[in-house]
Amino acid sequence: MSLPDLPESAGPPDLPDRKETEARRMLAGPYPLVPPDLAARAADRGRRLLAHRTLRHRLGWLLALLALAALCWLVMDRPWLPPPAHTTPPVEGW
């Protein structure tokens, strides 16, 4: 048992498709004016975005390097341990 073939649009066949009519009207109508400095503004914005992205990447790498250096210092120096005694305590009870 197969389903009957349905038409493309769900509306009656004698009415034009509203979306297609609206799209044709927009394409045939007057085009909006493009600002003359649009390309220059887009290029400036692109340069700014690229500069900010580069700065963020460099700061991220610097932060990672500083974290690695701090971890190495903690492993080598062990600042949580008490400093070693330079003199021996007196011996009592002999």
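**Reading a two-helix chain**

Analyst: Let's start on the surface: Leu65, Leu68, Leu71, Val75 and Met76 form a nonpolar patch there, with about 560 Å² of accessible area together. This is a predicted model, in which local features need pLDDT of at least 70 and side-chain atom pairs count only at pLDDT 80 or more, while totals for chains, interfaces and linings use all residues. Residues are numbered from 1 along each chain as its sequence is written, and side-chain values use heavy atoms, leaving out hydrogens and water.

User: What makes a group of residues a patch?

Analyst: Patches are made of residues with over 30% relative accessible area and no salt bridge; nonpolar side chains (Val, Leu, Ile, Met, Phe, Trp, Tyr) are joined within 5 Å, and like charges within 9 Å. The areas come from the Shrake-Rupley method with a 1.4 Å probe, and for residues only the protein chains shown count as cover. One member of our patch, valine 75, lies in helix 2, residues 38-77.

User: How do you know what counts as a helix, and how many does the chain have?

Analyst: Helices are DSSP runs of H or I with at least four residues, strands are runs of E with at least two, and both are numbered from the N terminus. The chain has 2 helices and 0 strands.

User: How does the reach of helix 2 fit what is expected?

Analyst: The expected span is 1.5 Å times one less than the number of residues. Helix 2 has 40 residues and an expected 58 Å, and its first and last C-alpha are 58 Å apart, so the two agree closely.

User: Why is the contact of glutamate 22 and arginine 18 called a salt bridge?

Analyst: A salt bridge needs a side-chain nitrogen of Lys or Arg within 4 Å of a carboxyl oxygen of Asp or Glu. Here the N to O distance is 3.5 Å, so the pair qualifies. The two residues are 4 apart in helix 1 (residues 18-28), which means that about one helical turn separates them.

User: Which other salt bridges can you show me?

Analyst: The whole structure holds 4 salt bridges. Among them, arginine 24 pairs with glutamate 20, with the closest N and O atoms 3.0 Å apart; both lie in helix 1, about one turn from each other. In helix 2, arginine 47 and aspartate 44 are 3 residues apart, and their closest N and O atoms are 2.6 Å apart.

User: Why is arginine 18 called exposed, and what is glutamate 22 called?

Analyst: Buried means under 20% relative accessible area, exposed over 50%, and partly exposed in between (1.4 Å probe, protein chains only). Arginine 18 has 57%, so it counts as exposed, whereas glutamate 22 has 33% and therefore counts as partly exposed. Arginine 47, at 53%, is exposed too, while aspartate 44, at 36%, is partly exposed.

User: How much of the chain counts as buried?

Analyst: Of its 94 residues, 0% count as buried. The chain exposes about 10100 Å², and carbon and sulfur atoms supply 67% of that area.

User: What makes arginine 78 worth a look?

Analyst: Arginine 78 has a positive phi of about 50° although it is not a glycine. This residue follows helix 2. At 45% relative accessibility, arginine 78 falls into the partly exposed class.
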